[in-house]
Amino acid sequence: MPKRLIEVEGAFPLEEVSAESRREKNIRHGHISTLHIWWARRPLAASRTTIFAALMPAPDNADNQARRRSATNSKLRNLRVTALRDLIAHIAPWEAVKDGDNRCIQQARALIRQIYPEPPKVLDCFAGGGSIPLEALRLGCATYALDYNPVAVLILKAILEYPQKFGRILLDAVKQWGDWVLNEAKKELDKFYPKDPDGSIPVGYLWARTLPCQDPNCGAEIPLMRQTWLAKKDNRAIALKLTADKTAKRVDATIVQGNQIDFDPSVGTVKGAVVTCPVCGGTIDDDTTRRLFREGKSGQRMMAVVLHHPQRSGKTYRLPTSRDLQAYRAAEAALETKRQQLWAEWGIDPVPDELIPTPCHEVDRLPMYGMPRWGDAFNARQKLALITFADAVRRAHKEMLAQGAEPEFAKAVVTYLALTFNRLAASYNSLCRWQPAGEKIADVFSRQALPMVWDFSEPNPFGGASRSWDELFRDTNDVLTHLTRIPPVKEAEL
């Protein structure tokens, strides 16, 4: 078999490609990692460059093949290792591919076309998150990808098949129906996320789970917080200060900032499931903490509201008001009505009622703390928001068909809506932490497991900020914009 470029010593710029692969982890807009999580995803930079280097013959072999195809083809005959190495280094950065028309990528595709009379066939039998087949497609190869994991198959269809099959018309339709889903959900849900009188929009609600102090002489409701920072930046420090009212046996909270912070906000009321009561100083050991949760003795308390004003930059914080609590209680009441309605329509409980598998170290923390079913990982307003958006996505599909859309096209459009909804579910649960360094909400998959979270963040799907539908759908739209710019390959298929 003829020697390939990747086998030539010094022909592959390993250091440059490695650097770009590491940098890629922090790239968001348009990158396929923002469409759906896949733990074993290969870097696009490494995939792209190694495919090219494996397809290209070593310069001497390239010369011979070029001579056989055309005696006047001096371009390939003059290629040398240094020139090819430089080209590989230039196609490694994300900037080389994000807009779809970069000169270096065009040059790489042209070289492959000159070497191969037909698009070379690339098969990935375990394609997973789709990095290798996507980059083979980008280089003009006839690409075949498969996987036995149904999640991977869905990702591959969204990354490879649908953009190539439908192109720009798909992008326009996904944008149209994404807006439709948002507007339909907003009709039902907007009242449960009321704006402040000055027009400020609540973009997040910060909650703490609670337990009763076990000292019979105390009995205070303890808000369980691992830490109380709200904003922690070089030029901005805001924290929630917990104070004990020993007479009323109650824990109060105030918001302080700057030099008003005369305590250590990194120290909360719980660490490693051991709880300390701010009122009496008593502790609850970890076994008792878990038992109290399983016995249904826990509760939840809204601790702070995160706000953004459309005409001002940055976020502000305030304590919850009776209006915030009334809105939440109204959502609790609306949940059961919506749940029963959808149950009758769908034939299944719209709130996930499956048991969480135990023992299973990645997820068994939830049953240990009195949450035996998947639906227990969400508070009432999160459940209401999710089943309402799920209903809107399903109705969007029916509406597309009713308007005469071709069934396969409607399936493609709704796939991207469903992927956006999936990321919504990863953010609208009681396992999402507030990140004070970025003043934003992290989704549940900060690591490959579901840990117990004491204080959690609830986003506003209509807030336009962290974890809102707008923000999540913008990622979907950016990815699809990127994918539909990849020139089609005649033989490419899934």
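The domain assignment splits this protein into domain 1 (5-148) and domain 2 (190-483). Keep in mind that what you have on screen is a predicted model. Taken over C-alpha atoms, the centres of domain 1 and domain 2 sit 42 Å apart. Where the two touch, domain 1 puts in 15 residues and domain 2 puts in 13 residues.

**Pockets between the domains**

Let's start with the open spaces. The largest pocket holds about 1,100 Å³ of space. Its lining counts 33 residues, and Lys25, Arg28, Ser33, Thr34 and Asp443 are the closest to its centre. Where does this pocket lie relative to domain 1 and domain 2? Domain 1 (5-148) and domain 2 (190-483) both give residues to the lining, so the largest pocket lies between them. Among the elements, H14, strand E14 (440-441) and helix H15 (469-483) each hand over at least two residues to this lining. H14 has the largest share, with three residues. In terms of chemistry, the lining of the largest pocket is a mix of 11 nonpolar, 10 polar and 12 charged residues.

Then there's the second largest pocket, with about 920 Å³ of space. It has 31 lining residues, and Pro352, Phe378, Asn422, Ala425 and Ala426 lie nearest its centre. Here H13 and H14 are the elements that give two or more residues to the lining. Again both domain 1 (5-148) and domain 2 (190-483) give residues to the lining, so the second largest pocket lies between them too. By class, this lining has 24 nonpolar, four polar and three charged residues.

**Cavities**

Now for the enclosed spaces. Rolling a probe the size of a water molecule over the atoms shows where empty space is left. Searching the whole structure turns up two cavities of 30 Å³ or more. The largest cavity has about 90 Å³ of space. Of its 14 lining residues, Leu206, Met225, Leu230, Trp434 and Asp455 lie nearest the centre. Strand E3 (201-212), strand E5 (229-233), strand E11 (299-308) and strand E15 (455-459) are the elements that give two or more residues to that lining. Which of them gives the most to the lining of the largest cavity? That would be E15, with three residues.

The second largest cavity comes in at about 40 Å³. Leu431, Cys432, Arg433, Ala442, Asp443, Val444, Ser446, Pro451 and Val453 line this one. You've met Asp443 already, as one of the residues closest to the centre of the largest pocket.

Here are the linings by class:

| Space | Nonpolar, polar and charged residues in the lining |
|---|---|
| Largest cavity | 10 nonpolar, three polar, one charged |
| Second largest cavity | six nonpolar, one polar, two charged |
| Largest pocket | 11 nonpolar, 10 polar, 12 charged |
| Second largest pocket | 24 nonpolar, four polar, three charged |

**Helix pairs**

Two packed helices are described by the angle between their axes and the distance between the axes. Take helix H13 (residues 380-402) and helix H14 (residues 407-427): they pack at an angle of about 170°, with their axes 9 Å apart. Angles over 145 degrees count as roughly antiparallel, and H13 and H14 are therefore roughly antiparallel to each other. On the H13 side, the contact includes Leu386, Phe389, Val393, His397 and Met400. H14 answers with residues including Pro407, Lys411, Val414, Leu417, Phe421 and Ala425. The contact residues of this pair divide into 16 nonpolar, one polar and one charged. Ala425 also turns up among the residues nearest the centre of the second largest pocket.

Helix H1 (residues 14-23) and helix H2 (residues 44-55) make another pair, with an angle of about 145° and axes 7 Å apart. Val17, Glu20 and Ser21 in H1 meet Ala45, Ala46 and Thr49 in H2. By class, those contact residues are three nonpolar, two polar and one charged.

**Backbone oddities**

Most residues other than glycine have a negative phi, and most peptide bonds are trans. Two spots here are worth a look. The peptide bond from Thr358 to Pro359 is cis, with omega near -10°. Pro359 is in the loop between helix H11 (322-346) and helix H12 (365-368). The other spot is Glu439, a residue other than glycine with a positive phi, near 50°. You'll find Glu439 in the loop between strand E13 (434-435) and E14.

Terms used:
Residues are numbered from 1 along each chain as its sequence is written. This is a predicted model: local features need pLDDT of at least 70, side-chain atom pairs count only at pLDDT 80 or more; totals for chains, interfaces and linings use all residues. Side-chain values use heavy atoms; hydrogens and water are left out. On a 1 Å grid over the protein atoms alone, a cavity is a set of points where a 1.4 Å probe fits but cannot get out, and a pocket is an open set with protein on both sides within 12 Å along at least five of seven lines; lining residues have an atom within 4 Å of a point. Grid points are joined across faces, edges and corners, and a volume is the space filled by probe spheres set on the points. Helices (H or I, at least four residues) and strands (E, at least two) are DSSP runs, numbered from the N terminus. Ala, Val, Leu, Ile, Met, Phe, Trp, Tyr, Cys and Pro count as nonpolar, Asp, Glu, Lys and Arg as charged, and the others, Gly among them, as polar. Axes are lines fitted to C-alpha atoms, for helices over the stretch in contact, and angles run from 0 to 180 degrees between N-to-C directions. Angles under 35 degrees count as roughly parallel, over 145 as roughly antiparallel, 65 to 115 as roughly perpendicular and the rest as oblique. Contact means heavy atoms within 4.5 Å. Domain bounds come from an automatic or database domain assignment.
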